[in-house]
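The following account leads through a protein model together with its ligand. It begins at the ligand and then turns to the core and to selected residues of the chain.

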Amino acid sequence: MQEILDAILNPGTTSADFAAIKLPESYRAVTLHKDEEQMFAGLDNRDKDPRKSLHLDEVALPELGPGEALVAVMASAVNYNTVWSSIFEPVSTFAFLERYGRLSPLTKRHDLPYHVVGSDLAGVVLRTGAGVNAWKPGDEVVAHCLSVELESADGHNDTMMDPEQRIWGFETNFGGLAQLALVKTNQLLPKPKHLTWEEAASPGLVNSTAYRQLVSRNGAGMKQGDNVLIWGASGGLGSYATQYALAGGATPICVVSNEEKARICRAMGAEAIIDRSAEGYRFWKDENTQDPREWKRFGSKIREFTGGEDVDIVFEHPGRETFGASVYVTRKGGTIVTCASTSGYMHQYDNRYLWMSLKRIVGSHFANYREAFEANRLIAKGKIHPTLSKVYSLEQTGQAALDVHHNKHQGKVGVLCLAPQEGLGVTDHELREKHLPAINLFRELDERSIRPNRNV
Ligand SMILES: NC(=O)c1ccc[n+]([C@@H]2O[C@H](COP(=O)([O-])OP(=O)(O)OC[C@H]3O[C@@H](n4cnc5c(N)ncnc54)[C@H](OP(=O)(O)O)[C@@H]3O)[C@@H](O)[C@H]2O)c1
């Protein structure tokens with residue numbers, strides 16, 4: 001592994017040199033163990049601790065298939081899907097691996113008693129499989145997490161519609177939280193040159209998701225002047241949605257849960273910010289009953305910022321807890337676009353407010369190949385910036401996932417894999433210099449607010 005790292009750190013290494021490196025038989029990876037699927041049975045969601053389920057193991061190098069690449073991972077990131085997999089909710093990811101394994105002898109490789117998780121990476125291509133022409137050893141890349149087979153016409157117009165659509169490192173094995181990773185080469189995108197490895201690895205999943213959900217015509221199709229209500233506006237998805245709203249001439253109305261997060265939204269350029277904790281909204285009176293008066297109080301607060309207008313788009317992902325309010329506060333003809341249900345997936349809302357006011361609920365999930373490319377292109381051009389707040393080592397991935405699980409983080413948290421330290425990998429210093437304050441925004445604000453009991 002040292003030979004691989006030395007080659008990456010040496011700017012003179014050629015593609016032929018990379019191709020000549022002898023690959024190791026095994027590598028270090030963050031894994032879940034199949035025989036521990038039931039380890040949290042009976043515990044409350046919050047008490048399920050990713051530090052107990054995520055292991056750092058030495059695992060065998062998988063065989064490289066046609067159309068695939070083996071990538072040396074310099075850095076990766078924790079996504080909320082790392083939390084879901086590590087607490088085995090809503091289902092164990094081993095069920096996904098088993099199903100994938102039934103497809104073909106090649107996919108059978110994924111069905112193992114361990115699952116290497118992680119759906120983001122920045123690194124260097126080491127080998128490509130048969131039939132790959134566009135990528136070669138030595139290419140500096142990031143990988144998006146859409147894994148598709150594309151054997152059915154269903155996915156030929158929009159690759160997210162492929163019946164065999166999966167999220168790499170969540171529904172497939174050999175993910176990015178490791179020293180090496182296996183991807184389909186159609187997942188590869190050029191690494192933004194002005195970013196460090198850990199910065200480049202952090203936007204992928206959430207940036208592409210927010211792009212489809214908010215900007216793409218497959219999602220809400222946001223336009224200039226729209227009022228966009230963004231839940232969790234300083235979180236993984238929300239920190240990109242806020243940037244897209246601002247960059248696209250819309251007005252974000254940012255919902256957060258404390259002043260620290262409000263400060264981050266202000267620093268991004270948002271002016272309308274609602275602190276849901278300070279306002280004390282209780283959309284549910286009890287487990288089964290919502291309180292429309294609270295929806296109304298929330299809607300009145302939004303109107304204070306918009307000069308009396310209601311929102312054109314709600315960027316939804318908290319799910320059960322907020323969905324009734326989201327449907328209520330959307331303007332006549334507006335769109336509620338949802339990609340998740342963090343607080344519960346059995347939603348309840350008053351349908352009269354939907355049909356009588358001709359609103360639309362749009363489901364959105366990750367991004368197709370083209371959307372992922374466009375979202376990465378905006379990062380590479382310095383139009384949208386990473387929202388990395390903190391970086392952990394591979395050994396500390398469990399702690400990183402716990403922090404995200406307990407909503408203690410800002411924006412995105414990164415993980416160093418092969419990279420020996422932060423700050424490496426920049427090749428366009430001029431572009432970096434131009435955007436440095438924006439690139440460091442979440443880090444600086446987070447550093448100023450580090451709490452003493454936080455495990456770094
Ligand atoms: N379908 C997809 O392709 C896709 C892609 C990415 C993520 N997701 C899902 O989307 C969800 C969010 O992901 P993320 O990366 O943005 O996570 P994140 O970084 O944890 O951010 C989510 C934010 O939502 C807010 N929130 C959480 N619970 C809430 C509640 N009950 N009511 C109101 N706000 C709440 C929190 O912000 P405040 O505390 O500041 O309000 C939190 O910071 C996860 O469930 C994830 O699995 C789906």
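**From the ligand outward**

The model is a predicted one, and the description starts with the polar contacts of its ligand. A nitrogen atom of the ligand is placed 3.4 Å from an N or O atom in the side chain of E321. The side chain of W84 contributes an N or O atom that is 2.8 Å from a ligand oxygen atom. With F366 the backbone is involved: one of its N or O atoms lies 2.7 Å from an oxygen atom of the ligand. On its own the ligand exposes 910 Å², of which the protein buries 91%.

The elements that give two or more residues to the shell around the ligand are α4 (80–86), α7 (204–215), α8 (236–247) and α12 (320–329). Among the contributors α7 gives the most, with three residues. Around the ligand there are 26 residues, and those that come nearest are G236, S257, R276, F366 and H409. By character, the shell comprises 11 nonpolar, 12 polar and three charged residues.

F366 leads from the ligand to the protein interior. The largest nonpolar core has 114 residues, and F366 is listed with L188 and Y244 as having the most contacts inside it. Strand β3 (residues 68–78) supplies the largest share of this core, eight residues. In soluble globular proteins, nonpolar side chains tend to be buried together. Beyond its neighbours within four places in sequence, F366 is in contact with H144, C145, L146, M160, I167, G204, L205, S208, T209, R212 and A372. Apart from the largest core lies another core, of 20 residues, which includes V255, I274, W284 and A325.

A325, a member of that other core, is placed in helix α12. Is A325 buried or exposed? A325 is buried because its relative accessible area is 0%, below the 20% limit for burial. Leaving out residues up to four places away in sequence, A325 touches F283, W295 and F298. The C-alpha atoms of A325 and D291 are separated by 9.1 Å, and the two residues are 34 residues apart along the chain.

Helix α9 (residues 259–268) has several buried positions, namely E260, K261, A262, I264, C265 and M268. The N-terminal end of α9 is capped by N258, where a side-chain oxygen lies 3.2 Å from the backbone nitrogen of E260. After α9 comes G269, with a positive phi near 120 degrees.

Three further residues with amide side chains are also buried. N79 lies in the loop between β3 and α4 and counts as buried at 2% relative accessibility. Sequence neighbours within four places aside, N79 is in contact with S119, D120, L205, V206 and K412. Q179 belongs to the loop between β8 (166–167) and β9 (180–184), and its relative accessible area of 13% makes it buried. A polar atom of the Q179 side chain lies 2.9 Å from the backbone nitrogen of R28. The contacts of Q179, again without neighbours within four places in sequence, are M1, Y27, R28, V71, A72, V73, L394 and L418.

N227 is located in strand β11 (residues 227–230) and is buried at a relative accessible area of 5%. Although N227 and I313 are 86 residues apart along the chain, their C-alpha atoms are separated by 6.6 Å. I313 is also one of the residues that N227 touches, and T251, I253, T306, E309, D310, V311 and D312 are the others, not counting residues up to four places away in sequence.

The backbone geometry of some loops also deserves attention. The peptide bond from E89 to P90 is cis, with omega near -15 degrees, and P90 is placed in the loop between α4 and α5 (94–101). L150, in the loop between β7 (146–147) and β8, has a positive phi near 60 degrees although it is a residue other than glycine. L150 counts as partly exposed, at 26% relative accessibility. L358, likewise not a glycine, has a positive phi of about 50 degrees; L358 lies in the loop between α13 (351–355) and β18 (360–363). L358 is exposed because its relative accessible area is 58%, above the 50% limit.

Conventions:
Residues are numbered from 1 along each chain as its sequence is written. This is a predicted model: local features need pLDDT of at least 70, side-chain atom pairs count only at pLDDT 80 or more; totals for chains, interfaces and linings use all residues. Side-chain values use heavy atoms; hydrogens and water are left out. A residue is near a molecule or strand if one of its heavy atoms lies within 4 Å of it. A polar contact is a pair of N or O atoms within 3.5 Å; within protein, one must be able to donate a hydrogen and the other to accept it, and residues adjacent in sequence count only if both atoms are side-chain atoms. Accessible areas come from the Shrake-Rupley method with a 1.4 Å probe; for residues, only the protein chains shown count as cover. Helices (H or I, at least four residues) and strands (E, at least two) are DSSP runs, numbered from the N terminus. Ala, Val, Leu, Ile, Met, Phe, Trp, Tyr, Cys and Pro count as nonpolar, Asp, Glu, Lys and Arg as charged, and the others, Gly among them, as polar. Buried means under 20% relative accessible area, exposed over 50%, partly exposed in between (1.4 Å probe, protein chains only). A nonpolar core is a set of buried Ala, Val, Leu, Ile, Met, Phe, Trp, Tyr and Cys residues joined through side-chain atoms within 4.5 Å. Contact means heavy atoms within 4.5 Å.
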